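What follows is a walk through one protein model, taken a region at a time. Keep the sequence and the structure in view while reading.

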Amino acid sequence: MANSPAPFSEIGKKAKDLLNKDYNFGHKFTLSMLSDYGLALTATGVKGGHFFLGDISTQYKSGNATVDLKVDTGSNISTTIAINDIFPCTRTALSFKIPDHKSGKLDVQYLHPHAAINSSIGLTPTPFLELATTIGTKELSFGGELGFDTASASFIKYNVGIGLNKPDFSAALILGDKGETLKASYIHLVNPVTGTSIAAEMTHRISTYENSFTIGSSHSFDPYTIIKTRFCDSGKVAMLWQREWRPKSLVTFSAEYDPKAADVSKFGLALALKP
């Protein structure tokens, strides 16, 4: 629903995406194709160091149902079957991996004009249960999430947060890691014409009194070219250049300088093709 609050996982997501999304310090290639019959095919290959990982995924949509199937280089097969509106305002998804017989999971999402509820249960004799809820509006939302392990009869995850979204800025405050970490993030759209935005994220570890922060920026030189920068308190500096050289096809170059690492500089190149 257009005015419903976002799911808990999206609180602070805008700032996180500006600071982290599309940064890649290896070699990545993605080819996506879509047929006239609702079948999408995506092939992805990633090379980092001496390792190469790849997968081929397909997605088929028919009415309210979507079926995703992915096969990777480790001979793992991942399948997700999702159906919208079995009940009004709901989305139900069944997922599992082969040969991992303990990976089965059932997810149910419910959207209300003033609430968003996401639940998940593992399909095993001792399942892992997850529940995330936000209440409020599209602009202001409060929420929390928890995870319960029935095998040990203990809560292994519980977080709470608040998010504020406006057309030109977004802010979030999350108490996570079972109350051990307080994270604040902010993103501001400085110039709507050029898409210039700045973002900051600060983390405070309550038990050790440690603080860390990351700041970044994004700027569009033209409708097809984006430059992003990122700076961390540890001294890491990163830059990203992305160009849409044809419709929906992107080339991305990333670089990072870390004065404290043995490999001081990292570089990455990603190519995404969509004929």
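Begin with a turn in the chain: in the hairpin of β1 and β2, which has four residues between the strands, G38 has a positive phi near 85 degrees. The model is a predicted one, and the residue numbers used here count from 1 along the chain as its sequence is written.

The two strands on either side of that turn are β1, residues 27-34, and β2, residues 39-48, and they pair in the antiparallel sense over eight bridges. Within this pairing, L31 stands opposite A43 in β2. Strand β1 also has a partner from far along the numbering: five bridges join β1 to β19, residues 265-273, and these two strands run parallel. There, H27 stands opposite L269 in β19.

Before β1 in the numbering comes helix α1, residues 13-20. Which of its residues are buried? In α1, A15, L18 and L19 are buried. Seen down the helix axis, the buried residues of α1 fall within an arc of 95 degrees, so they line one face of the helix. The elements that cover these buried residues include β13 (181-191), β14 (196-205), β15 (210-222) and β16 (225-232). Just after α1, D22 takes a positive phi of about 80 degrees.

The helix also takes part in the largest nonpolar core, which has five residues: A15, L18, L19, I187 and A199. Helix α1 gives the most to this core, with three residues. To see the surroundings of one core member, take I187. Leaving aside residues up to four places away in sequence, I187 touches K14, A15 and L18, together with D168, F169, S170, I198 and A199.

Two items concern aromatic rings. The charged end of R230 sits over the ring of Y23, and the distance to the ring centre is 4.2 Å. A search of the whole structure finds five aromatic pairs. In general, a pair of aromatic rings is described by the distance of the centres and the angle of the planes.

The last stop is a loop. Where does K102 lie? K102 has its place in the loop between β6 (90-98) and β7 (105-112). Is K102 buried or exposed? The relative accessible area of K102 is 60%, and because exposed means over 50%, K102 counts as exposed. Measuring from C-alpha to C-alpha, K102 and I226 are 42 Å apart in space, and they are 124 residues apart in sequence.

Conventions
Predicted model: local features only at pLDDT ≥ 70, side-chain atom pairs only at ≥ 80, totals over all residues. Heavy atoms only, no water. Pairing = 2+ DSSP bridges. Buried < 20%, exposed > 50% of the residue type's maximum accessible area, 1.4 Å probe, protein only. Core = buried A, V, L, I, M, F, W, Y, C linked by side-chain atoms within 4.5 Å. Contact = heavy atoms within 4.5 Å. Phe/Tyr/Trp six-rings, centres within 6.5 Å; stacked < 30°, edge-to-face > 60°. Lys NZ or Arg CZ within 6 Å of the ring centre and 35° of its normal. Arc of directions from axis to C-beta.
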